[in-house]
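Trainee: Please give me a close look at one part of this model, the aromatic rings and what surrounds them. Keep it brisk, but spell out any cut-offs as you go.

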Amino acid sequence: MTDIRYIVRSEWIKLGSVRSTWWCLGVATLLVPVFGALTALSVDPVEAAALPKAWLVEGGFDPLEPLSAVLLAQFAFGVLGVLTVTSEYSTGQIRSSLLAVPQRRRLLTAKLAVLAAAVAAVASALTFGTFFLTQALYPDGLGIGLGDGGAWKALLGSVAYTVFIAVFGFAVGAAVRGTGAAVTVFMAVTFVVMSALPAVLPSSLQEQAVHYTFIGLARSLTTLQPDPQPGMPVAALLLAAYAALVLVPVLLLAERRDD
């Protein structure tokens, strides 16, 4: 099978037939709106109304704060990315897949395209759905629309970060191949290394370095602040570079590695 359309269709069916896919997406679908709603309901209406909007001044009232729940659910999308590759290696199904599609690079590319499309669709529904839900839950005068303060750009940034974290998980899974080891590496890099790295740098660089971790870049993509550091385009490029750092070597060496 060499036609990329048939390969993509086959990978789409495989992704939907794996139970872990629905567990990961189910956890994210539960976490994001529930924590977002709880955050919106916990806002003190008098105190919030007295603050300027976040896009007018730093430290102002941020109507998008409930969407930080998307960052809370990033582990579910990352693990989904890992399992998209490693589940076939753990069951031995990868041998059948490679018999059908001997071009390993093409097979991995199809898996990646299907994963990115599925995560983008789910993340878009969760992000925009939670946005409208939480704005409706705010007391009168605190909710905003998509056009206020460039909120739509922050929502798209949230979707882009979610796709990134799934692609990064996929890259780690394709590099390591074993589910347990790959999930461990993904969690360690995302939640331990990225958090600890600024602390080992000279004190003069620590504050700036925080902006270039995964979470720091995610906040640049999802903020209402007019001048985030780094800016949205730079943050998006740096996240793409993080993913490419792992993914490109995996794709280049795909044809040479043993099964």
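Mentor: **The aromatic rings and their surroundings**

The count comes to 8 aromatic pairs, where Phe, Tyr or Trp (six-membered ring) centres lie within 6.5 Å, with planes under 30 degrees apart called stacked, over 60 edge-to-face and the rest tilted. One of them joins Tyr161 and Phe164. Their centres are 5.7 Å apart and their planes meet at 45°, which makes the pair tilted.

The model is predicted: local features need pLDDT of at least 70 and side-chain atom pairs 80 or more, while totals for chains, interfaces and linings use all residues. Residues are numbered from 1 along each chain as its sequence is written, and side-chain values use heavy atoms, without hydrogens or water.

Why can Tyr161 and Phe164 meet? They sit 3 residues apart in helix H8, so about one helical turn separates them. An α-helix has 3.6 residues a turn, so residues three or four places apart point the same way. Helices here are DSSP runs (H or I, at least four residues), numbered from the N terminus. Both Tyr161 and Phe164 are buried, meaning under 20% relative accessible area (exposed is over 50%, partly exposed in between; 1.4 Å probe, protein chains only).

The network goes beyond this pair. Ring pairs link Tyr161 and Phe164 with Phe168, Phe186, Phe214 and Tyr242 in a cluster.

Now the core. The largest nonpolar core holds 47 residues; such a core is a set of buried Ala, Val, Leu, Ile, Met, Phe, Trp, Tyr and Cys joined through side-chain atoms within 4.5 Å. Tyr161, Phe164 and Phe214 are among the residues with the most contacts inside it, along with Phe77. Helices H2 (19-41), H4 (69-72), H5, H7 (104-137), H8, H9, H11 and H12 each supply at least two of its residues. H8 gives the largest share, 10 residues. In soluble globular proteins, nonpolar side chains tend to be buried together.

Next, H5, one of the helices that feed this core. It has 18 residues and spans 26 Å from first to last C-alpha, close to the 26 Å expected (1.5 Å times one less than the number of residues). Of those 18 residues, 14 are buried, so the rest of the structure largely encloses H5. It kinks by about 40°, centred on Thr84; the bend is the angle between axes fitted to the seven residues ending at a residue and the seven starting there. Ser87 also lies in H5. At 19% relative accessibility, Ser87 is buried. A polar atom of its side chain lies 2.7 Å from the backbone oxygen of Leu83. After H5 comes Gly92, with a positive phi near 85°.

Phe128, in helix H7, is a contrasting ring. It is partly exposed, at 22% relative accessible area. Its C-alpha is 6.9 Å from that of Leu155, though 27 residues separate them in sequence.

Finally, two loops. Arg177 sits between H8 (151-176) and H9 (179-200). Its phi is positive, about 75°, although it is not a glycine. Arg177 is buried, at 14% relative accessible area. Pro230 sits in the loop between H11 (214-222) and H12 (232-252). The peptide bond leading from Gln229 to Pro230 is cis, with omega near -5°.

Notes
A polar contact is a pair of N or O atoms within 3.5 Å; within protein, one must be able to donate a hydrogen and the other to accept it, and residues adjacent in sequence count only if both atoms are side-chain atoms.
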